[in-house]
Amino acid sequence: MAALQTQCLLRTSCFIPSQLPPCRGRWRASLQSLPKLQSLIPFEELTMQTGQSTIKRNKNNSLITAKLLAIAEAAADRAEMHAIIGEQRNNWNHLFLHSINSINLTASLMAAIASIPEIAASQPLNLSSAVLFTSAAGLMLLVNKIQPSQLAEEQRNAARLFKQLERSIRSLGGSTSSESDVEEAMEKVLALQKAYPLPLLPGMLEKFPKVVEPTKWWPKQRKTQRKQGVAGNGWSSEMEKEMMGVLRVLKSKDKEQYVRLGQLVLSINKFLSFAGPLLAGVAAVGAASSIGGGAHGSWPAVVGGALAAVVNTMEHGGQVGMVFELFRNCAGFYRRLEEEIEYNLGEEEEMREQEEVFEVKMALQLGRSLSELRRMGSYSSPSYEDEVIEEFAGKLF
């Protein structure tokens with residue numbers, strides 16, 4: 001009995017905290033603090049918060065992707081619209097060209113026939129010839145104002161750029177996209193819309209500008225539009241020297257050349273646009289003056305009508321307006337490369353594009369190999385003057 005009582009006392013003392021040995025006080029404090037730790041960080045609440053943040057982040061990414069897809073669809077629709085309008089305005093150029101030439105040549109033939117003395121109906125022929133020459137002069141004034149070949153080139157270039165923009169926007173979809181990508185895509189669409197408007201009147205681009213400037217179809221680059229790069233992305237001093245040489249050649253040779261050629265073509269187009277209607281008007285006056293004045297007054301109408309047809313063929317058959325727009329777009333292409341290089345050179349290394357990717361992109365856009373592009377770094381030296389540089393940066397155009 002005494003042994004049983006002693007065993008029961010030992011078992012009871014194991015479950016009484018106050019009777020624990022002093023060396024086990026730390027364990028007693030730990031056991032008493034366990035409920036407090038569990039109340040501070042409940043596992044279920046932590047799991048719920050993590051799940052809610054993940055759902056919110058996925059929802060935000062899905063919304064950004066939906067916005068980018070909507071902008072890409074709009075860009076694809078714009079590209080199709082510009083392609084259709086470009087084909088229509090190209091047809092305008094052909095129809096007006098052949099119609100005006102037919103009118104001029106028919107009126108010249110009627111005036112020539114009316115100048116024959118044996119023809120009894122010379123007055124009706126001269127009157128009809130004068131009416132046709134007047135109509136031709138009016139049509140030439142209208143066509144020279146809108147320049148259908150230039151309108152067609154604008155729409156063709158816009159369709160190509162909108163297709164390119166659509167592909168670039170579709171490549172942005174993913175978990176790495178942000179709201180700044182959406183804003184950048186919207187700005188690019190609006191900049192293209194402003195550079196190549198769809199409506200003819202009002203809003204048509206000036207066909208005879210006083211100053212020839214490169215076309216600008218891209219928005220101004222902002223620092224918030226670029227994703228931050230990786231530290232140490234490879235922009236060595238040789239790479240900076242190479243890009244500075246390319247930039248100098250682009251400014252002094254390529255862009256300047258196409259601006260100068262555009263100014264020359266614009267001057268030729270202005271002269272042809274003035275000469276065509278003037279010759280048709282002279283022919284109309286000659287045909288009208290020969291109604292009651294005999295055969296001698298018909299020859300100015302014949303010669304004037306023939307020359308008017310020749311000038312019209314040179315202007316619209318040769319598509320001088322399209323050539324002017326082509327030169328202006330080429331100058332804009334090199335201007336965009338200039339801004340791209342200046343932006344990267346002006347930023348910190350972490351904000352620049354990766355060296356090898358940027359170098360390959362520049363080489364392809366300039367139509368050069370990497371070795372040819374790297375040799376242009378020598379032009380960054382101050383010892384080279386702009387007049388001494390004979391090489392062009394671009395070989396694509």
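The dialogue below treats two helix pairs and one pocket.

Me: On what basis should the model be read?
Reply: This is a predicted model, in which local features need pLDDT of at least 70 and side-chain atom pairs pLDDT 80 or more, whereas totals for chains, interfaces and linings use all residues. Residues are numbered from 1 along each chain, and side-chain values use heavy atoms, without hydrogens and water.

Me: At what angle do helix 4 and helix 7 pack?
Reply: Axes are lines fitted to C-alpha atoms over the stretch in contact, and angles run from 0 to 180 degrees between N-to-C directions; helices are DSSP runs (H or I, at least four residues), numbered from the N terminus. Helix 4 (residues 122-146) and helix 7 (residues 237-289) pack at about 165°, with axes 8 Å apart. Helix 4 is therefore roughly antiparallel (over 145 degrees) to helix 7.

Me: Which residues of helix 4 and helix 7 make the contact?
Reply: Contact means heavy atoms within 4.5 Å. Among them are F133 and M140 of helix 4 and G276 and P277 of helix 7.

Me: How far apart are the axes of helix 5 and helix 6?
Reply: The axes of helix 5 (residues 148-170) and helix 6 (residues 179-195) lie 11 Å apart, at an angle of about 175°. These helices are therefore roughly antiparallel to each other. Their contact includes L161 and F162 of helix 5 and K188 of helix 6.

Me: How is empty space found, and which residues lie nearest the centre of the second largest pocket?
Reply: Rolling a probe the size of a water molecule over the atoms shows where empty space is left. Of the 13 residues lining the second largest pocket, L205, E213, P214, T215 and R328 lie nearest its centre. A pocket is an open set of points on a 1 Å grid over the protein atoms alone, where a 1.4 Å probe fits, with protein on both sides within 12 Å along at least five of seven lines; lining residues have an atom within 4 Å of a point. Helix 6 and helix 9 (320-346) each supply at least two lining residues.

Conventions
Angles under 35 degrees count as roughly parallel, over 145 as roughly antiparallel, 65 to 115 as roughly perpendicular and the rest as oblique.
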